[in-house]
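Here is a quick tour of some charged pairs and one helix packing. Have the model open while you read.

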Amino acid sequence: MPVATADYVIVGAGSAGCVLAARLSADPGRSVLLLEAGGPDRRAEVAMPAAYPRLFGSSYDWAFRTIRQPGLGGRRTAWPRGRTLGGSSSINAQIWTRSLPSDYDEWGLPGWSDRDLLPYVQRAEQMEDDEDPTAPRPHLSELRDPSPSTAGFLAACREAGLPESAPEGFGPVRVTQNHGRRWSAADSYLKPATRRPNLTVLTGAEVLRLLIEDGVATGVEVRLDGERQHLRAAREVIVSAGAVNSPALLLRSGVGDPEQLVPLSIPVLVDRLAVGGNLADHLYVPVSADSPQPVSPGLDDPQAAAREYLSRRTGPLSSNLAEALAFVATLGAGPPDLELLWMIVPELGPEQASRHGVTVASVLLKPASRGRVRLDPADPAGPPLIDPGYLSDPEGQDLATLRRGVRLARRVLSRPALQSWVKQLPVPDPAGDDELDRLVRARATTLYHPTGTCRMGADPDAVVDLSLRVRGLRGLRVVDASVLPEIPRAHTHAPTVTVAERAADLILAESP
Ligand SMILES: Cc1cc2nc3c(=O)[nH]c(=O)nc-3n(C[C@H](O)[C@H](O)[C@H](O)COP(=O)(O)OP(=O)(O)OC[C@H]3O[C@@H](n4cnc5c(N)ncnc54)[C@H](O)[C@@H]3O)c2cc1C
């Protein structure tokens, strides 16, 4: 019998895994082993705020793609997910947004209301100048050197009459940066804890399946240095592999829908249809325009921009590229259903655009469509089949909201305050519904916020219970974006950190 390697084995050093590793190992009486499939977060593009699109498709990205989306004219869309220390928080756009209070309250789950979660998001928030800079919390800051065009966008929102009072409103983003450097969950939580003798972090350690004996998760099978090994957990295995890989790992381990598992010859340990289901994502339509003057970072004289960034951590390369946002209730009532995100690039991708441009991204905040993550029958150990079910809701609400969003984006782009940044308006005015629908289907893509595939709930069909324990097994939890039962009207890093902060307290409260 192999010896126990740690009390807690955490799978995945992403937003949630870093929080858990730091919080659990703060108790010297508990040992923690954190396993990360990717490597260390050393590449310069991680720290440099404007460079993250260059990590897409690299070894720092799982580089998933969706299956063909009928709602998007049969297109497949790229789905980057971080694969390094910090996970997606090491390749993301660094925006920190709290969920709306109603987001959590709508879950209707005891212990998970906004009131219950407020102390946890507060504990996670620390502005650069706060008193205790060594505390393991995300460092948040304003952008150091926002583009002058961003003031134009905010003025245009005012000119367009966008609402200014909460929960609607517009403003510059707050970012997970520390003195002009990206500050991922690995920077804020994990690195301050790595010297603890009771915390071991292994990179290049891909967990292949969970070891489950007599209904108890006892450890994991991992590929480490090219070899398969079994690593044991004395107390718990905690899966924090993200909204794609957490359900995939449960499915490969026999927790899921028998109709999917039996044909793959995977023994069914827990019959649970919900594993991989309930997939929700924020879909957005980029409404872009070329700019008559320089605006996109690093295009003109990239060497001068690099010198400025490296010497002072300022200049265009300290931008996160998506510098401001607006939340709008497009039907005039209720919580916001749309976000406008101001980007100072004509498109976001690994290839640096060769022209200056700006984008107002129309983001569907509360999608009605749902999808599913499945194992690929042709290669169950390989990349899962991701079907976000974009624009598949039978009532067509999602398409209608995005149609309103594109009209709104055009309205903002056409205001006088943006005149000097927009060469030609991208959408004809007035555009008919059919024309807008074609545009949405042709251009919409992911804002990288998948959630819900290991849904938490009090009902017997939920994947995890209200303490995030996998129902039907002992010694196994899931803690990451996959447990959110509903997608929040916010960018998903902060809500994931918030949930992980509370999960850590729940685990620590259980007697050793
Ligand atoms: C390009 C991009 C831009 C984004 N922009 C923003 C933004 O600006 N603001 C915001 O709030 N949110 C943003 N997000 C979303 C946000 O980053 C995620 O919602 C959040 O990081 C999810 O955290 P997580 O812990 O669920 O998963 P992740 O952070 O993805 O962590 C999962 C970790 O598990 C590891 N892992 C997976 N499988 C295994 C395995 N089998 N064995 C070992 N390790 C494994 C992964 O490599 C990864 O490190 C963005 C995401 C992306 C990809």
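E510 counts as partly exposed, because its relative accessibility is 27% and the buried class stops at under 20%. This is a predicted model, so keep that in mind as you click around. E510 sits in the segment after helix 12 (493-509), and its salt-bridge partner is R477. The closest N and O atoms of R477 and E510 are 2.9 Å apart. R477 belongs to strand 24 (residues 476-478) and lies 33 residues from E510, so the pair links distant parts of the chain. With just 1% relative accessibility, R477 counts as buried.

Which residues are joined with R477 and E510 into one network? They are E236, D465 and R469, linked through salt bridges that share partners.

How many salt bridges does a search of the whole structure find? It turns up 31. As a reminder, side chains of opposite charge can pair when their charged atoms come close. Here are three of these pairs side by side:

| Salt bridge | Closest N and O atoms | Separation along the chain |
|---|---|---|
| R477 and E510 | 2.9 Å | 33 residues |
| R174 and E125 | 3.4 Å | 49 residues |
| D290 and R355 | 2.7 Å | 65 residues |

Take R174 and E125 next. R174 is in strand 8 (residues 174-175), while E125 is in the loop between helix 4 (114-124) and strand 5 (126-127). R174 has 26% relative accessibility and so counts as partly exposed. E125, at 14%, counts as buried.

Now for D290 and R355. D290 is part of strand 17 (residues 283-290), and R355 is in the loop between strand 19 (338-343) and strand 20 (357-364). D290 counts as partly exposed at 29% relative accessibility, and R355 also falls in the partly exposed class, at 35%.

On to the helices. Two packed helices are described by the angle between their axes and the distance between the axes. For helix 10 (residues 397-413) and helix 11 (residues 433-443), the angle is about 100 degrees and the axes are 9 Å apart. The two helices are therefore roughly perpendicular to each other, since angles of 65 to 115 degrees fall in that class. Helix 10 brings L399, L402, R403, V406 and R407 to the contact, and helix 11 brings D433, L436, D437, L439, V440 and R441. Sorted by class, this contact has 6 nonpolar and 5 charged residues, with no polar ones.

Key:
Residues are numbered from 1 along each chain as its sequence is written. This is a predicted model: local features need pLDDT of at least 70, side-chain atom pairs count only at pLDDT 80 or more; totals for chains, interfaces and linings use all residues. Side-chain values use heavy atoms; hydrogens and water are left out. Axes are lines fitted to C-alpha atoms, for helices over the stretch in contact, and angles run from 0 to 180 degrees between N-to-C directions. Helices (H or I, at least four residues) and strands (E, at least two) are DSSP runs, numbered from the N terminus. Angles under 35 degrees count as roughly parallel, over 145 as roughly antiparallel, 65 to 115 as roughly perpendicular and the rest as oblique. Contact means heavy atoms within 4.5 Å. Ala, Val, Leu, Ile, Met, Phe, Trp, Tyr, Cys and Pro count as nonpolar, Asp, Glu, Lys and Arg as charged, and the others, Gly among them, as polar. A salt bridge is a side-chain nitrogen of Lys or Arg within 4 Å of a carboxyl oxygen of Asp or Glu. Buried means under 20% relative accessible area, exposed over 50%, partly exposed in between (1.4 Å probe, protein chains only).
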